[in-house]
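Grab a pencil and have a look at the structure below. Then try each exercise before you read its solution.

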2 protein chains.
Amino acid sequence: MTQAEGGATPRERYRAQVRAEIKERAWEQIATAGASALSLNAIAKQMGMSGPALYRYFRGRDELITELVRDAYRSLADAVGAAAKDGAEVAALAHALREWALADPHRYFLVYGTPVPGYHAPDDITAIASEIMALLLDACAGAVGPADAGATPFGTHLEENREWAGGHPAPPAALHRALAFWTRLHGVLSLELAGHFTGMRFDPAQLFAAEVDALAGPPGARGA
Amino acid sequence: MTQAEGGATPRERYRAQVRAEIKERAWEQIATAGASALSLNAIAKQMGMSGPALYRYFRGRDELITELVRDAYRSLADAVGAAAKDGAEVAALAHALREWALADPHRYFLVYGTPVPGYHAPDDITAIASEIMALLLDACAGAVGPADAGATPFGTHLEENREWAGGHPAPPAALHRALAFWTRLHGVLSLELAGHFTGMRFDPAQLFAAEVDALAGPPGARGA
DNA sequence: GTCCTTGCGTTAGAACCTATAACGAACGCA
DNA sequence: TGCGTTCGTTATAGGTTCTAACGCAAGGAC
């Protein structure tokens with residue numbers, strides 16, 4: 001999208017532009033009907049082209065979706081990164097995450113929703129995921145309270161298996177806090193976005209805020 | 001499945017039996033390829049029938065899936081109910097939930113996974129969901145610690161909007177704890193089942209256990 | 001400016017899918 | 001034994017992804 005004009009040859013520029021427009025339409029479809037309803041045929045028709053033309057630009061439906069997942073991850077990393085720029089408070093990251101999720105629920109589900117059985121994310125996507133995790137670890141390492149001294153059972157387990165942190169020099173309590181941040185906020189967000197709270201009258205934002213509050217306090221609270 | 005033999009007329013018995021077999025095959029397909037790959041045609045072919053025959057038994061793909069969702073909810077309610085029978089410890093419910101989820105991940109995603117845009121669950125399904133919530137509230141109400149006295153901001157918000165608890169006489173702290181139970185354990189389970197922990201070396205079971213531990217302790221810990 | 005190559009978009013078609021319509025046969029009930 | 005309901009069939013319409021083969025047009029080379 002940004003480097004569409006940076007292409008060398010006219011053909012490459014045109015190609016990049018068409019690819020961008022295809023993804024644009026794809027995002028529109030996903031925003032309204034979800035990823036499962038994404039139809040290459042419909043996109044082509046919408047663009048005034050006839051069906052198989054799109055296969056010049058994407059190997060197939062899977063490759064397009066993989067590209068969209070990549071963009072979604074990139075977008076999330078940017079959103080979280082922007083929030084982590086200054087203060088780097090854990091609550092700020094949480095807020096950025098929620099904003100990003102509410103802005104386009106289907107995009108959230110594209111990243112964190114029900115996985116496709118055969119699908120395995122390519123390396124560059126998992127790299128972006130690690131990048132997000134690093135931001136989270138930074139924030140969590142910066143917020144280690146004095147109460148984090150006591151080692152929890154899970155803390156020691158994490159100490160022994162901390163390869164996933166990619167060499168990040170965070171204490172076990174921070175590792176645990178980062179993991180809890182991820183799983184707890186995903187828990188609230190995914191249930192909210194999936195509509196499991198509709199009917200129940202309480203405000204999901206306040207439940208989310210309560211979880212963020214708990215996260216800002218004790219990490220493994222009462223563990224051991 | 002159970003009441004297949006309770007039918008009055010031979011026709012009804014046969015019909016119930018065929019419906020049961022269709023659902024059986026559907027579950028097999030879902031277990032291997034997920035709900036999105038469920039094909040009425042394939043089921044029919046597998047049963048030696050030709051395509052449209054299944055429409056005598058289900059209005060369409062949607063009705064079959066709705067039925068499967070209903071069965072999944074029922075199964076979850078039974079599993080949780082069985083665990084709540086005796087001691088009624090919160091940890092026991094958590095363990096039952098995890099067992100149920102790991103037994104068939106795709107079944108879990110059928111209930112808690114990415115929602116289909118147009119779909120709205122029928123009343124009897126939401127009723128089962130309420131039933132599960134009631135079991136959870138029972139367990140949480142029985143585990144109110146002395147530390148739960150202090151009213152958190154979210155606790156008072158829940159006190160004001162407690163219709164979703166269906167008149168359950170649980171203190172606000174128990175309501176909060178039940179909600180946290182649901183969202184936190186779903187957070188860990190769904191990320192684990194979706195494969196977001198693969199590559200990271202830690203044991204998901206221990207993270208789950210740590211969350212259960214935290215749940216058994218302070219509910220809104222440090223809120224306010 | 002002219003040729004030649006490369007790539008784009010087309011139509012045709014195979015193999016799926018859901019879903020409806022119309023027909024014939026079998027089954028159960030009286 | 002007859003009759004009506006229900007079942008399973010085939011045919012059909014319309015949708016999807018994706019491959020193959022063809023023609024045209026645009027870019028680069030000279």
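Here come four exercises, each with a worked solution.

This is a predicted model, in which local features need pLDDT of at least 70 and side-chain atom pairs count only at pLDDT 80 or more, while totals for chains, interfaces and linings use all residues. Residues are numbered from 1 along each chain as its sequence is written, chains are lettered from A and ligands numbered from 1 in the order in which they are written, and side-chain values use heavy atoms, with hydrogens and water left out.

**Exercise 1. Work out how domain 1 and domain 2 of chain A sit against each other.**

Solution.

Step 1: find the parts. Domain 1 of chain A covers 1–58 and domain 2 covers 65–216; the bounds come from an automatic or database domain assignment. Taken over C-alpha atoms, their centres are 30 Å apart.

Step 2: look at the contact (heavy atoms within 4.5 Å). Domain 1 of chain A brings 12 residues to it, and domain 2 of chain A brings eight.

Step 3: get the buried area, that is, the accessible area (1.4 Å probe) that two parts lose on being put together, summed over both. Between the two domains of chain A this comes to about 820 Å², with 71% of it from carbon and sulfur atoms. On the domain 1 side, A:Lys23, A:Trp27 and A:Ile30 lose the most area, together 58% of what that side buries.

Step 4: check the charges. A salt bridge needs a side-chain nitrogen of Lys or Arg within 4 Å of a carboxyl oxygen of Asp or Glu. The two domains of chain A share three salt bridges. As for side chains that meet this way, take A:Arg19 and A:Glu67, at 3.1 Å from N to O.

**Exercise 2. Describe the interface between chain A and chain B.**

Solution.

Step 1: count the residues. 47 residues of chain A touch 48 residues of chain B.

Step 2: add the area. About 4100 Å² is buried between chain A and chain B, and carbon and sulfur atoms give 68% of that.

Step 3: look for pairs. Two salt bridges cross from chain A to chain B. A:Glu211 and B:Arg184 meet in a salt bridge of 2.8 Å, N to O. There are also 11 residue pairs in polar contact between the chains, both residues at pLDDT 80 or more. A polar contact is a pair of N or O atoms within 3.5 Å; within protein, one must be able to donate a hydrogen and the other to accept it, and residues adjacent in sequence count only if both atoms are side-chain atoms.

Step 4: see which helices do the touching. On chain A, α1, α5 (105–112), α7 (153–160), α8 (172–193) and α9 (204–216) each supply at least two residues. α8(A) has the largest share, 10 residues. (Helices are DSSP runs of H or I, at least four residues, numbered from the N terminus.)

**Exercise 3. Find what surrounds DNA strand D.**

Solution.

Step 1: list the neighbours, meaning residues with a heavy atom within 4 Å of the strand. There are 22 of them, and A:Leu40, A:Arg61, B:Tyr14, B:Arg56 and B:Tyr57 come nearest.

Step 2: ask which part of the DNA is involved. Of the strand D atoms within 4 Å of the protein, 60% belong to sugar or phosphate and the rest to bases.

Step 3: zoom in on some atoms. A polar backbone atom of A:Arg61 is 2.6 Å from a phosphate oxygen of strand D, and a polar side-chain atom of B:Tyr14 is 2.7 Å from a phosphate oxygen. B:Arg56 has a polar side-chain atom 2.3 Å from a base oxygen.

Step 4: name the main contributor. α1(B) gives the most to this surface, with three residues.

**Exercise 4. Now do it again for DNA strand C.**

Solution.

Step 1: 21 residues surround strand C, and A:Arg56, A:Tyr57, B:Leu40, B:Asn41 and B:Arg61 come nearest.

Step 2: sugar or phosphate accounts for 62% of the strand C atoms within 4 Å of the protein, and bases for the rest.

Step 3: a polar side-chain atom of A:Arg11 lies 3.3 Å from a base oxygen of strand C. A backbone N or O atom of A:Ser50 lies 2.8 Å from a phosphate oxygen of strand C.

Step 4: the largest share of this surface, three residues, comes from α1(A).
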